[in-house]
Amino acid sequence: MIDWPNVTASGHQELGLKPEELQKSKCVLGFIPVIYYSILLCVGVPVNILTAVALSRLASRTKKALYYYLLAVTGSDILSQLFIIFVGFLLETAVFHRDVPALLLHSVSAAEFAANHASIWSTVPLTVDRYVALCHPLLHRQISYPARARKIIAVVLGLSLVSGVPFFWWSDMWRNSDPPTALDTVLIWTHVTIIYFLPCSIFLVLNSLIIHTLRARQRQQPCQEEGRPKSAPPLRLGKTTAMLLAITSVFSVLWAPRTAVVIYHLYVSSVHRDWRVHLAYDLSNMLAMLNTAVNFFLYCFVSKPFCGAVRDVVLLRAGPLYSRRTLPHPQAPTNASISSLYSGNIKRSQRDSTPLSPRRAKKPS
């Protein structure tokens with residue numbers, strides 16, 4: 001997904017150096033990106049693994065589709081950290097200095113794009129699920145269940161894998177001194193559309209509808225206040241909705257600089273020629289990769305069940321063996337009525353078959 005070689009070139013006329021020598025110029029930030037990505041990898045991967053274990057417990061315990069979507073986001077973040085940060089930057093660039101076969105280089109680039117697309121687009125089904133839950137609650141009860149969530153996640157991951165294939169031909173923005181070709185233009189616009197413009201548009205529309213619905217309910221609340229009991233809680237923004245808004249807002253903020261720099265590189269000044277664009281690209285990549293490690297802290301800040309699950313995992317405590325909802329809701333009233341009738345019939349038959357006591361026998365019938 002991201003071309004990690006950090007080199008600059010001040011011009012082909014500088015000291016009469018060859019293009020190969022110009023490609024070996026030092027990074028503007030020096031070793032700061034290496035230290036930053038190493039820390040991010042050492043912190044982000046264990047934190048995301050802990051998040052995945054905690055979400056797995058919550059998913060098996062509550063049988064809610066929400067936790068399956070969050071688990072897909074976490075798994076995609078782990079893939080992004082492994083392919084983009086560990087393989088793409090630390091191994092290929094910092095260790096081997098991009099001195100690897102071209103086929104391997106392009107294959108890793110396609111895998112990086114696929115992991116990045118999966119990390120971003122796994123949030124879209126979560127947003128749709130929250131929108132349906134708040135704006136169409138009756139429909140949400142019918143269509144939102146773990147089996148369907150797993151199918152949707154499988155489709156999203158499959159499409160993300162396929163969408164990374166065209167980026168096998170992604171050009172090296174740092175090393176390529178030639179102007180962007182028509183293929184580069186198509187790939188760059190496809191990239192920024194997939195990773196930013198399209199998902200952010202979906203987030204903006206659905207989150208706006210969610211907020212509009214909540215405000216409409218709050219405006220209707222004073223009219224219904226007389227008929228409501230005093231102990232009824234007021235309508236407010238739920239923690240799950242707040243967590244969704246936080247996840248999508250953080251993504252939009254952290255990925256906006258990189259999107260702007262890529263478009264600037266395409267039309268104004270090349271990363272390879274301008275050290276300022278190079279510096280902006282480095283910093284924007286660092287911000288974008290930070291998005292793969294912040295969700296854990298958002299979950300802890302918002303969700304008490306998640307904090308409890310994390311505490312159980314850290315302390316090596318087993319969670320509940322059974323789910324709180326052992327029977328489906330539609331079957332509970334039916335079973336209750338059947339059991340009530342059955343027990344009533346048994347009591348009635350026992351009463352009819354029991355002989356009258358002497359005290360009752362004396363009463364005239």
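Is Asp 312 buried or exposed? Asp 312 turns out to be buried, with a relative accessible area of 14%, and that sits well under the 20% cut-off for the buried class. The model is a predicted one, and the charged pairs make a handy way into it.

By the rule applied here, the count of salt bridges comes to two. In one of them, the side chain of Asp 312 meets that of Arg 317, at 2.9 Å from N to O. Arg 317 counts as partly exposed, at 39% relative accessibility, whereas Asp 312 is buried. The other pair joins Asp 129 and Arg 130, whose closest N and O atoms are 3.0 Å apart. Here Asp 129 is buried at 8% relative accessibility, and Arg 130 is buried too, at 13%.

Zooming out, the protein chain holds 14 helices and zero strands, so the order of elements from the N terminus is simply one α after another. Of its 365 residues, 43% are buried. Contacts between residues 24 or more positions apart make up 80% of those with a separation of 6 or more. The chain exposes about 20800 Å², and carbon and sulfur atoms supply 67% of that area.

The UniProt record, an unreviewed entry, places the feature "transmembrane region" at residues 34-55, 67-91, 149-169, 189-211, 244-267 and 279-302. Two of these spans can be set against the model. Residues 34-55 are 100% helix and 0% strand, and the C-alpha atoms at the ends lie 31 Å apart. For residues 279-302 the figures are 83% helix and 0% strand, with 35 Å between the end C-alpha atoms.

Now for the packing. The largest nonpolar core has 35 residues, and those touching the most other members are Leu 55, Leu 70, Leu 126, Ile 247, Tyr 299 and Phe 306. Two or more residues each come from helix 2 (32-62), helix 3 (65-95), helix 5 (123-135), helix 7 (146-163), helix 8, helix 9, helix 11 (295-302) and helix 12 (304-314). Helix 3 gives the most, eight residues in total. A second, separate core of 24 residues has Val 156, Ile 194, Cys 200 and Met 289 among its members.

Phe 306 is worth following a bit further. Leaving aside residues up to four places away in sequence, Phe 306 touches Thr 51, Ala 54, Leu 55, Leu 58, Phe 296, Tyr 299 and Cys 300. One of those partners, Ala 54, lies in helix 2. With a relative accessible area of 0%, Ala 54 is buried. Under the same exclusion of sequence neighbours up to four places away, Ala 54 touches Phe 306, Ala 309, Val 310 and Val 313. The C-alpha atoms of Ala 54 and Ala 309 are separated by 5.2 Å, although the two residues are 255 residues apart along the chain.

On the outside, Trp 189, Phe 197, Tyr 264, Tyr 267 and Val 268 make a nonpolar surface patch of about 510 Å². Helix 8 (182-220) and helix 9 (239-267) each supply at least two residues of this patch. Trp 189 belongs to helix 8. Why can Trp 189 count towards a patch? Trp 189 is partly exposed, with a relative accessible area of 32%, and patches are made of residues with over 30%.

Finally, a look at backbone angles. Lys 63 is not a glycine, yet has a positive phi of about 60°. Lys 63 is placed in the loop between helix 2 and helix 3, and is partly exposed at 44% relative accessible area. Leu 316 is another residue other than glycine with a positive phi, near 60°. Leu 316 is found in the loop between helix 12 and helix 13 (331-353). Its relative accessible area of 77% makes Leu 316 exposed.

Technical notes
Residues numbered from 1 in each chain as written. Predicted model: local features only at pLDDT ≥ 70, side-chain atom pairs only at ≥ 80, totals over all residues. Heavy atoms only, no water. Patch = residues over 30% accessible without salt bridge, like charges linked within 9 Å, V, L, I, M, F, W, Y side chains within 5 Å. Areas by Shrake-Rupley, 256 points an atom, 1.4 Å probe, with all protein chains shown as cover. Salt bridge = Lys/Arg side-chain N within 4 Å of Asp/Glu carboxyl O. Helix = DSSP H or I, 4+ residues; strand = E, 2+ residues; numbered from the N terminus. Buried < 20%, exposed > 50% of the residue type's maximum accessible area, 1.4 Å probe, protein only. Core = buried A, V, L, I, M, F, W, Y, C linked by side-chain atoms within 4.5 Å. Contact = heavy atoms within 4.5 Å. UniProt positions renumbered as here; feature names shortened; annotations may be inferred.
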